[in-house]
Amino acid sequence: MSDNQIDFTDRVVVVTGGGNGLGKCYAMEFAKRGAKVVVNDLGGTGTGAGADQIVAQKVVSEIQAMGGTAVANSDSVLEGDKVVQTALDAFGRVDAVVNNAGFLRDGSFHKMTEADWDLVLKVHLYGSFAVTRAAWPYMRDQGFGRVVMTASGAGIYGNFGQANYAAAKLGLHGLAQTLAHEGRAKGILVNTIAPVAASRLTSTVMPPEVLEGLKPEYVSPLVLLLCSENHTETGQLFEVGGGWIARIRWQQSNGARFDSDEGFSAEELSARWDEVQNFDSAQTPSDISSTLQAVGENIGVKIGVAPQ
Ligand code: NAI
């Protein structure tokens with residue numbers, strides 16, 4: 001076994017939305033490396049209609065057929081306590097949660113119904129909250145935990161017709177960054193991925209030759225790495241697909257500084273707009289202290305951050 005061998009023997013991994021697409025791939029790959037896997041899937045359609053217990057069970061059967069260990073859970077991720085209880089009942093612990101379940105209800109903003117907004121926010125943002133929140137105390141107690149959130153390029157950059165989805169997906173990165181701070185001292189790492197992969201969600205919007213190059217197997221290595229014992233980084237965001245993996249981070253422009261005693265007008269700001277837009281010596285802040293430091297310097301006061 002090489003030094004950086006990734007092995008999940010005795011680890012319990014919950015994969016939400018593990019019945020199809022990316023989640024199914026993760027569940028299989030975790031099981032191949034010895035994990036005991038909870039395959040959660042409600043089994044509905046790509047727009048979140050209906051439910052079918054067979055969907056999760058089929059993946060469990062496939063894992064068992066290759067000699068792996070898995071149990072099915074067919075609850076909605078909104079019932080996160082039930083999903084995590086399945087892990088506790090079957091395996092007695094929970095080491096990693098991969099929040100992956102979700103569906104789309106696309107439509108331009110002026111036509112978007114409140115139901116489409118609610119359902120998409122619920123499954124992605126509230127669902128990831130519910131499952132992670134249920135697992136969190138157990139991870140804290142054992143001093144080990146790994147959480148992966150699933151964002152999307154639509155959340156990072158915006159995408160026409162996906163206001164609900166984009167809001168939920170970038171919300172997940174915000175959640176992950178805060179949980180990264182709160183979990184670090186307890187050995188819990190929380191990272192976010194924005195994948196691109198062939199699945200029923202993308203099969204209608206991408207041609208077959210593109211889908212051929214977007215195998216879920218090109219995303220799963222990152223998810224396995226982020227959930228492994230070997231990994232130490234937290235609060236990070238990655239784009240991943242087609243064999244390409246990159247980290248995304250925030251960049252802060254040079255910024256314009258005005259005298260805070262004298263104040264300044266919108267016109268004065270307009271005259272120095274190029275400074276706000278100038279990234280020549282950009283900063284890449286990784287926590288809120290750096291912003292507070294810049295603000296504090298400008299008003300001549302040291303601003304502390306809230307106790308951790
Ligand atoms: P998929 O539709 O193949 O799989 C999603 C699974 O989630 C389905 O099996 C579905 O039954 C399950 N699910 C839906 N609602 C659920 C609920 N309330 N409780 C439990 N399970 C539920 O989709 P795909 O493409 O594999 O997507 C996985 C994740 O990756 C999603 O969060 C998606 O938004 C995200 N994503 C996918 C991209 C892609 O290119 N495929 C792009 C960006 C993000």
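This is a short talk on one predicted model, covering its sheet, its ligand site and a few single residues.

I will start with the sheet. It is open and has eight strands, in the order β3-β2-β1-β4-β5-β6-β7-β8, and the pairing is mixed. At the edges are β3, residues 69-73, and β8, residues 244-248, each of which pairs on one side only. From one strand to the next, the twist averages 20°.

Take β1 next. Its partner β2, residues 36-40, runs parallel to it, and the two are joined over four bridges. Within that pair, Val15 stands opposite Val39 of β2. Now the side chains of β1. In a regular strand, side chains alternate between the two faces of the sheet. In β1, Val12 and Val14 point one way, while Val13 and Val15 point the other way. Which of these are buried or exposed? All of them are buried.

Further along the sheet, β6 covers residues 188-195 and β7 covers residues 237-241, and these two strands pair in the parallel sense over four bridges. Ile193 is placed opposite Phe238, a residue of β7. The pairing of β7 with β8 is antiparallel, over five bridges. Here Glu239 has Ala246 in β8 as its bridge partner. How many residues lie between β7 and β8 in their hairpin? There are two, and Gly242 in the turn has a positive phi of about 60°.

That brings me to another positive phi, this time outside glycine. Asp10 has a phi near 70°, and Asp10 is a residue other than glycine. Most residues other than glycine have a negative phi. Asp10 sits in the segment before β1, which spans residues 12-15. Asp10 counts as exposed because its relative accessibility is 53%, and the cut-off for exposed is over 50%.

Now the ligand. There are 30 residues around it, and the closest are Asp41, Asn100, Tyr165, Ser199 and Arg200. By class, this shell is made up of 12 nonpolar, 14 polar and four charged residues.

What polar atoms does the ligand meet? I will give three contacts, each to an oxygen atom of the ligand. One comes from a side chain: an N or O atom of Asn20 is 2.9 Å from a ligand oxygen. Two come from the backbone. An N or O atom in the backbone of Gly102 is 3.4 Å from a ligand oxygen, and for a backbone N or O atom of Ala197 the distance is 2.9 Å. On its own the ligand has 820 Å² of accessible area, and the protein covers 96% of that. Which elements give two or more residues to the shell? They are α1, residues 21-32, α4, residues 114-142, and α6, residues 163-183.

Last, three residues, each with its setting and one distance through space.

The first topic is Arg33, found in the loop that connects α1 and β2. Its relative accessible area is 32%, so Arg33 is partly exposed, a class that lies between the 20% and 50% limits. Arg33 and Phe8 are 25 residues apart in sequence, and their C-alpha atoms are 5.6 Å apart in space.

Next is Val97, in strand β4, which holds residues 96-98. Val97 has 0% relative accessibility and therefore counts as buried, given that buried means under 20%. Along the chain, Val97 and Ile156 are 59 residues apart, and 22 Å separates their C-alpha atoms.

The remaining one is Asp141, in helix α4. This is a helix already mentioned as giving two or more residues to the ligand shell. Is Asp141 itself buried or exposed? Asp141 counts as exposed, because its relative accessibility is 71%. Asp141 lies 130 residues from Arg11 along the chain, with 15 Å between their C-alpha atoms.

To recap: the model is predicted, its sheet is open with eight strands and mixed pairing, and the protein covers 96% of the accessible area that the ligand has on its own. That is the end of the talk.

How values were computed
Residues are numbered from 1 along each chain as its sequence is written. This is a predicted model: local features need pLDDT of at least 70, side-chain atom pairs count only at pLDDT 80 or more; totals for chains, interfaces and linings use all residues. Side-chain values use heavy atoms; hydrogens and water are left out. A residue is near a molecule or strand if one of its heavy atoms lies within 4 Å of it. A polar contact is a pair of N or O atoms within 3.5 Å; within protein, one must be able to donate a hydrogen and the other to accept it, and residues adjacent in sequence count only if both atoms are side-chain atoms. Accessible areas come from the Shrake-Rupley method with a 1.4 Å probe; for residues, only the protein chains shown count as cover. Ala, Val, Leu, Ile, Met, Phe, Trp, Tyr, Cys and Pro count as nonpolar, Asp, Glu, Lys and Arg as charged, and the others, Gly among them, as polar. Buried means under 20% relative accessible area, exposed over 50%, partly exposed in between (1.4 Å probe, protein chains only). Two strands pair if DSSP finds at least two bridges between them. Axes are lines fitted to C-alpha atoms, for helices over the stretch in contact, and angles run from 0 to 180 degrees between N-to-C directions.
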